[in-house]
Amino acid sequence: MKKKIIVIGAGLGGLSAAISLWQEGYEVTIHEKNSKIGGKLNVLKERGYTFDLGPSILTLPHIFERLFERSGKKMKDYIPIRTLRPHWRNFFEDGTVVDLDPDPAVMAAEARKVGEDPANVQRFLDYSAKLYDLCDAGYFQQGLDTSAEFREFYGLSKFPQFDLLRSMHGGVKRFLKTQKMQDIFDYFIKYVGSSAYRAPAFMNCMPTIQFRYDLWYVDGGLYGIALGLRRLMEELGVKVQLNSEIAGIRTTATPAGVSGPTTSGHVASGTVGRVTSRGERVTGIVTKDGVFHAADIVVSNMEVIPAYRELLKEDAAFVAKLEKKFEPACSGLVLDLGLDCKYPQLVHHNFFFSQHQREHFRTVFQKHQLPPDPTIYLVAASKTDPTVAPPGCDCLKILPHIPYINDAQPLKREDYIALKERVVDKLERMGLKDLRKHTVYEHIWTPLDIRANYFSNKGSIYGVVSDRWKNLAFKAPKQSTKYENLFFVGGSVNPGGGMPMVVLCGQNVAKKVVAWDKAGK
């Protein structure tokens with residue numbers, strides 16, 4: 001009899017874990033609280049405009065490809081993708097515009113615009129590549145979680161290669177000498193919603209993700225990834241229960257060697273009775289309708305801290321210990337605008353930089369305040385894909401990073417709306433003339449909406465913050481330290497946030513489940 005696995009949540013990490021576990025021979029069912037799969041990979045369609053509500057950049061598509069290859073299929077038959085040029089465009093208050101492009105000759109010309117020696121950029125990219133290869137070999141591909149696993153894989157002699165004594169900004173500043181070029185490469189930290197001044201230097205591996213493996217777009221919008229994975233799951237037989245919110249995870253502390261009760265309307269295969277010296281395990285989930293669904297193994301795509309706090313009702317001391325180490329990454333103000341015109345100066349991906357980016361990082365990540373002058377990420381997918389907006393029109397997704405929710409002193413919606421006005425003022429000032437007048441459709445999500453829709457910890461977008469002083473950018477382990485048959489996937493566990501990383505996490509969770517399962521036989 002196949003062992004039964006329940007996956008809580010149909011975000012990309014949950015989908016990846018479910019597909020990978022099905023490919024290993026398990027019976028897998030996903031329970032998703034919302035009406036469609038994808039989690040933060042979400043879409044909004046209104047009045048002829050299509051907006052990616054969540055992720056807007058596809059990188060490392062070969063990681064997604066594995067989900068299809070392992071079932072003898074090709075991703076291109078499910079998800080049509082194309083590269084983008086330039087990767088993105090950077091706007092500064094003084095009128096300077098700099099493109100990021102993987103072509104060395106183009107990048108050299110862009111560097112000269114701001115007085116940066118192109119050789120400095122190349123030296124930085126060489127440094128980035130070494131960090132990426134180092135992280136990829138073990139942390140990414142092997143799914144390392146613990147300090148013991150790191151020591152065993154890398155050996156102490158390789159630890160200095162991670163550049164552990166510098167911050168990410170320190171690594172950037174070591175090679176790049178102009179403020180504008182430093183700001184541009186510092187802001188690669190956007191992928192994980194953290195501060196370049198607090199993240200460790202090995203986070204400078206991220207530029208290699210683009211410069212070596214390119215930057216991609218999914219025709220029709222990035223929600224096409226979820227649609228492609230849904231089709232794959234339907235063909236494989238992975239079950240998905242939509243509108244199925246979880247009320248709790250049931251546990252039992254059965255003495256070693258004794259099988260505890262697992263019966264309900266849904267019966268697990270029996271292996272759920274196996275325990276370790278920890279003496280506790282999970283036996284299944286309870287949905288909002290009160291039905292208990294038994295499982296041999298549970299994989300939670302709900303973040304670690306909300307899962308322990310809300311679904312397992314762990315004591316305050318246990319949760320507080322996790323909260324101290326695994327602080328949330330930032331949230332964001334998601335502003336979607338449908339326009340009645342086009343702005344020719346925009347490309348697909350654009351960044352409008354703060355005049356004082358260090359202070360921007362400090363305001364968001366240390367003061368936990370709304371920034372007066374944020375760096376703004378702006379997506380104009382209509383520059384690449386005419387199907388996402390009416391003819392002659394642009395659709396814009398605008399995202400400044402802002403603090404996660406402080407429940408002790410929560411901000412009101414009016415505070416977020418005031419920030420929105422400052423953002424639009426900044427964009428108009430930096431070249432998007434009469435943006436308000438040309439807006440015919442507006443949609444806004446605050447951190448409160450993000451938490452309500454995805455149950456993310458305090459409205460975080462990217463899981464756990466990467467902070468060298470709190471956690472050295474490492475996240476929670478993929479296997480529960482308290483319940484041996486409970487596993488986690490997504491941005492709150494290693495290797496962290498971002499689409500390719502959570503998909504890779506799902507694949508690595510499957511490996512951990514298989515190894516644990518075999519060890520218990």
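Okay, let's start with Asp373. Leaving out its neighbours within four places in sequence, Asp373 is in contact with Glu93, Ser354, Gln355, His356, His360, Lys426 and Arg429. Before I go on, a reminder that what we have here is a predicted model. So where does Asp373 sit? You'll find Asp373 in the loop that links helix H12, residues 357–365, to strand S18, residues 376–379. Buried or exposed? Its relative accessibility is 17%, and buried means under 20%, so Asp373 goes down as buried.

Now compare a second loop residue, Leu164. This one is in the loop between helix H5, 147–154, and helix H6, 168–175. Leu164 comes out at 30% relative accessibility, so it counts as partly exposed. What does Leu164 touch? If we skip residues up to four places away in sequence, the list is Phe159, Phe202, Arg468 and Leu472. And if you want a distance to check on screen, take Leu164 and Arg451: C-alpha to C-alpha they are 33 Å apart in space, and 287 residues apart in sequence.

On to the strands. General point for the picture: strands of a sheet pair through backbone hydrogen bonds, either parallel or antiparallel. Strand S7, residues 88–91, gives us both kinds. With strand S8, residues 97–100, S7 pairs in the antiparallel sense, over four bridges. With strand S17, residues 349–352, S7 runs parallel, and three bridges join the two.

Let's put some residues on that. Asn90 of S7 stands opposite Val98 in S8, while Phe91 has Phe352 as its bridge partner in S17. S7 is covered on both faces: Trp88 and Asn90 are buried on one side, and Arg89 and Phe91 are buried on the other. Which residue in the S7 and S8 hairpin takes a positive phi? That's Gly95, with phi near 95°, in a hairpin that has five residues between the strands.

Next, the five-stranded sheet. It's an open one with parallel pairing, and the strand order is S10-S2-S1-S14-S21. Which strands are at the edges? Strand S10, 239–241, and strand S21, 486–488, each of which pairs on one side only. On average, neighbouring strands in this sheet are turned by 20° against each other, ignoring direction.

Zooming in on the S21 end, strand S14, residues 297–300, runs parallel to S21 and is joined to it by three bridges. Val298 is matched there with Leu486, its bridge partner in S21. There's a helix on this sheet too: helix H1, residues 12–23, lies across strand S1 (4–8), strand S2 (27–31) and S14, and runs at about 165° to S2.

Last stop, a helix pair. Two packed helices are described by the angle between their axes and the distance between the axes. For helix H10, residues 304–311, and helix H11, residues 316–325, the axes come within 10 Å and cross at roughly 170°. That makes H10 roughly antiparallel to H11. The crossing of the two is left-handed.

Who makes the contact? From H10 we have Val304, Ile305, Tyr308 and Arg309, and from H11 we have Phe318, Val319, Leu322 and Glu323. Sorted by class, that's six nonpolar residues, no polar ones and two charged ones between H10 and H11.

That's my tour; happy to bring any of these up on the screen.

Definitions and conventions. Residues numbered from 1 in each chain as written. Predicted model: local features only at pLDDT ≥ 70, side-chain atom pairs only at ≥ 80, totals over all residues. Heavy atoms only, no water. Axes fitted to C-alpha atoms, helices over the stretch in contact; angles between N-to-C directions. Parallel < 35°, antiparallel > 145°, perpendicular 65-115°, else oblique. Left-handed = near helix turned anticlockwise from the far one by under 90°. Contact = heavy atoms within 4.5 Å. Nonpolar A, V, L, I, M, F, W, Y, C, P; charged D, E, K, R; others polar. Buried < 20%, exposed > 50% of the residue type's maximum accessible area, 1.4 Å probe, protein only. Pairing = 2+ DSSP bridges.
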